[in-house]
Amino acid sequence: MNESRNAAVIAIILALTSHCHGAMNTIKIGAIFHGNGEVETAVLHHAVKQIRMHRTTGQFDLEPIIKTVEIDTDGMGAAAAACELLAEGVAAIFGPKSAYTRSVVASIAAHHDVPHIEYAWRPVEESELESTTINVYPPGKNVSEAIATLITAMPWKQFIAIYETDDGLSRIQDALKLHGPQDDPVTVRQLGEGPDYRSLFKDVATSRDINILLDVEYDNLIPVLEQAKQVNLMKDYYTYIISGLNFPDDRIIENFKDSPVNITGLGLMEDRKDELRDALKLDVRVEDALLYDALLLFKKALDALNLANIDADSPFDLVPVPLACNSVEKYSAGRNLTEAIRSETRVDELTGPMEFDQFGQRQTFQIHVWEFYLDRYQTIAIQDNEGFRLTRSAQERKDDIESKIKINRYKVTTRIGPPYFMEIPKDSNEGIVIKEKRYYGYSVDLIHAISELLNFDYEFELVPDGNYGSYSDVNKTWDGLVRRLQDREADLAICDLTINHQRESAVDFTMPFMNLGISILHKKPETKPPDLFSFLSPFTTDVWIYVATAYLAVSLALFFLARIAPGEWDNPHPCNPDPEELENSFNLMNSMWLSIGSLLQQGSDILPKAPSIRMVAGMWWFFTLIMTSSYTANLAAFLTAGKMGDSITSAEDLATQSSIKYGAVDGGSTSMFFKNSSNSVYQRMWAAMMEARPSVFTKDNAEGVKRVLGEDSKYAFIMESTSIEYHVARSCNLEQIGGFLDNKGYGIAMPLNSPYRTLFSEAVLKLQEQGVLQKLKDKWWKERDLNPETAKCNNTGEATDDSDELELGIANVGGVFLVLMCGVSAACVVAILEFLWNVRKVAVDEMVTPWEAFKAEFKFAINIWAETKPVKVAKSSNRSSTSALHTGAGPGRAASVARSLVGSFLRLDMIDKFEKDNTSNTRTGNQRNN
């Protein structure tokens, strides 16, 4: 009874409510879909179901009527479907999505004032809507701007754009407009007829573009990406931007879960896409979500208009009547309902907030930028009415890259070149293995140190062509290490690879791990033993002969002119005013003494007095001044010539001579430096290198060093200073000439726009701050594989001052010592002869035996304390020898022979004395006769 009573009460209340608000009517809504329209149909029914479930006191129920047009280009079929819906008496028409049919439907609906609701993208050129059309899809202009803004924010300086339809080309047109005439090239390709697109993607792979803007239909996206993966376009470093608004797309996670590629896309559904997908158990795209939101928007506007109509003074009928396409009848509430929809505001929808302008264009929306990275989606930016703004911080981006670098294994490409990468002798477990051979070096240690900081795995490879990386103007391609990075066959490249502008346009570099400059390697001049008489080198033999001749001539001139010059005859006894004879100081010996004293800058105690003699002496002194100064100036140069080494001390010296050829590695950064230099000296050097025959260029540094050592100092090799330092440390025959011609650095190269560049640069900086880089350089330059013998003659040995290199050794001045010793020895011989002659004279004058005279003179000579010398030698007390000498008695034959020799010796003195006495008597007689 109670239950029956309650049911009756409810029935009465409902009847009263119906009487107050009007009868419970059904509002028909129409929809036109293409194809089977399975998902759209399910979405439409699900939306109606949700509306009915949440309906409270609304008087209208929605009845969907769906028309299907199989071909999306069938405009006649779409028009017929629209007319059928009008005949059914629908209050609004949803769809179709096709650009070929929607304008026909919109025109028919506008003619009869029936609201037409679109949920598909419209190009910018078709942005103007019919009077009753509302489009819940964001305007094409805003979507195109969002794509362009995202490319700018990435940032992409160079990319390739691939589109499938004309609508796709229209969507990316703003991105293409970013490219200016001075910017890097942007390639635009149409996907073409399918289903095989691999030929197109092979062309993309050979172009080395890693940034790809892709606009394809939703159903074709996964097959296209699968074919891109087959040609290795889904590897690390590749970045895709998907222009549709269907992100996050779960199909990408399912198909490319283990792919290291970076895929970025745009989406409207934020994180509520799963609500509709889980409810329908179908794959839902953005248009389906927009259709769902459009139905809710229509229902809310309808309810709002119904409430307003109840309180209106002149209400109108919201329930449409059947209309004929060929009639002029209109839906009486159609215009009001259209305005109600356009003025409606929705916030919590699947596709975000909604607001519309007076023309039916959606003005409020949020486009989320999603990034598929590390097997998950995350929002990195938002585009809305306030503009484009990033939602992920730089630190979060860095953390993501650090996480990714730990799960990948990176290939490091390099080339053989000491000390960076060298093959290890057999029977060693050191280093890394490449094809059953072991290698070690500075590069291996540096990569290992960085890997310990960043915690990643790596493997080495040798670059196939062995080149550093140079650009061919003929083929328009790179080779060597740069080519491997561009082809994405390697992740890192390390060796003595110089950072320059041309390479930086092709690959990325970390901060330099080693700073250096270009310098010149040359063979040390062969050290020849200096000439013993090198002090004679300042003058030629002819000059020395002329000097000796001049010396003799001037000495003789002084001698003869002094004899005829009255002023040179002096009184030997100044106290005697009337001397019997005059003396001349300029005898032959004194004349030669004056000349030699002047020549040696020592002077003489004999000076001329006569004007003629003074003129001769003055001219001789002038001559000796010039000759001595010239000799002294040239002597220093000749004595230090062997120590100074080569006359080549700089690049300018090389450029101004032609006897020594010079070159560099063909196609290397050093060659490019000279080729592109604006310096006149370097331009002249580059021209000389290009014209030299045979060629002065080498394949690598090792060949250049070998050529320097093998061409007898007639070849200089220009290379980086660090390599010069390494080779000089291991060869006593090499030296570095001059300073740096430029300043540069070695860096670790990686593919262009690599996300790991910052991490590796920070690791290099950290190693530098910790002193690890310097320790590694000391290890491989000054410690490892260094011959102890060469350490004594190169820069790794004890440092020598520049002044020490110019010091003269005994070999340079040995001839001077030899002359000194010979002169002193000759003086000693002369002194001995003088001593013996004096002994003979003393023996004669003092009437003593020569032996007694010798002993007396010798004892006095060795008595260094004696300051005075006796005039006469004390005679022996033994007179027997004298008596015996006079009497002829003697001890024997030996004594008689001795007396005979002594007698002969004394008779020489007696003859001299007799001649002197005879001369004196003659003079006296002559004076008396006068």
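**Reading a predicted model: cores, a sheet and salt bridges**

Of the 84 residues in the largest nonpolar core of this predicted model, Phe94, Val136, Leu213 and Phe298 touch the most other members.

Q: Which helix gives the most residues to this core?

A: In soluble globular proteins, nonpolar side chains tend to be buried together. In the present case, helix H12 (residues 286-310) is the main contributor to the largest core, with 13 residues. Apart from this core lies another one, of 43 residues, which includes Ile748, Phe760, Leu767 and Leu776.

Q: Which residues does Val136 touch, leaving aside those up to four places away in sequence?

A: With such sequence neighbours not counted, Val136 touches Ile117, Glu118, Tyr119, Leu290, Ala294, Leu297, Met354, Phe356 and Arg362.

Q: In what order do the strands of the sheet that contains S26 stand, and is that sheet open or closed?

A: A sheet is read strand by strand, from one edge to the other. Here the sheet is open and has four strands, in the order S29-S30-S26-S31, with mixed pairing. Strand S29 (661-663) and strand S31 (734-737) are at the edges; each has a single partner strand, so one side of each is left without a neighbour in the sheet. On average, neighbouring strands of this sheet are turned by 30° against each other, with direction ignored.

Q: In which sense, parallel or antiparallel, do S26 and S30 pair?

A: Strand S26 (residues 518-523) pairs with strand S30 (residues 715-720) in the antiparallel sense, over four bridges. Within this pairing, Ile518 has Glu720 of S30 as its bridge partner.

Q: Which strands does helix H22 lie across, and which does helix H25 lie across?

A: Helix H22 (residues 669-676) lies across S26 and S30 and runs at about 100° to S30. Helix H25 (residues 721-728) lies across S26, S30 and S31, and its angle to S30 is about 120°.

Q: How many salt bridges does the model contain?

A: Side chains of opposite charge can pair when their charged atoms come close. With a cut-off of 4 Å between the side-chain nitrogen and the carboxyl oxygen, the count comes to 33 salt bridges.

Q: Where in the chain do the partners Glu126 and Arg102 lie?

A: Their side chains meet in a salt bridge at 3.6 Å, N to O. Glu126 is in the loop between strand S4 (116-118) and strand S5 (133-135), whereas Arg102 is in helix H4 (residues 102-111); the pair links distant parts of the chain, 24 residues apart. Glu126 counts as partly exposed because its relative accessibility is 31%, while Arg102, at 1%, counts as buried.

Q: Is Asp174 buried or exposed, and is its partner Lys177 buried or exposed?

A: Asp174 forms a salt bridge with Lys177, with the closest N and O atoms 3.9 Å apart. Asp174 has a relative accessible area of 17% and is therefore buried; Lys177, at 60%, is exposed.

Q: What does the salt bridge between Asp473 and Lys675 tie together?

A: The two side chains meet at 3.7 Å, N to O. Asp473 lies in the loop between strand S21 (471-472) and strand S22 (477-478), and Lys675 lies in helix H22, so the pair ties together parts that are 202 residues apart in sequence. Asp473 is partly exposed, at a relative accessible area of 47%, and Lys675 is partly exposed at 40%.

Q: Which residues are joined into one network by salt bridges that share partners?

A: Glu371, Arg376, Arg392 and Asp400 are joined in this way.

Key. Residues are numbered from 1 along each chain as its sequence is written. This is a predicted model: local features need pLDDT of at least 70, side-chain atom pairs count only at pLDDT 80 or more; totals for chains, interfaces and linings use all residues. Side-chain values use heavy atoms; hydrogens and water are left out. Two strands pair if DSSP finds at least two bridges between them. Helices (H or I, at least four residues) and strands (E, at least two) are DSSP runs, numbered from the N terminus. Axes are lines fitted to C-alpha atoms, for helices over the stretch in contact, and angles run from 0 to 180 degrees between N-to-C directions. Contact means heavy atoms within 4.5 Å. A nonpolar core is a set of buried Ala, Val, Leu, Ile, Met, Phe, Trp, Tyr and Cys residues joined through side-chain atoms within 4.5 Å. Buried means under 20% relative accessible area, exposed over 50%, partly exposed in between (1.4 Å probe, protein chains only).
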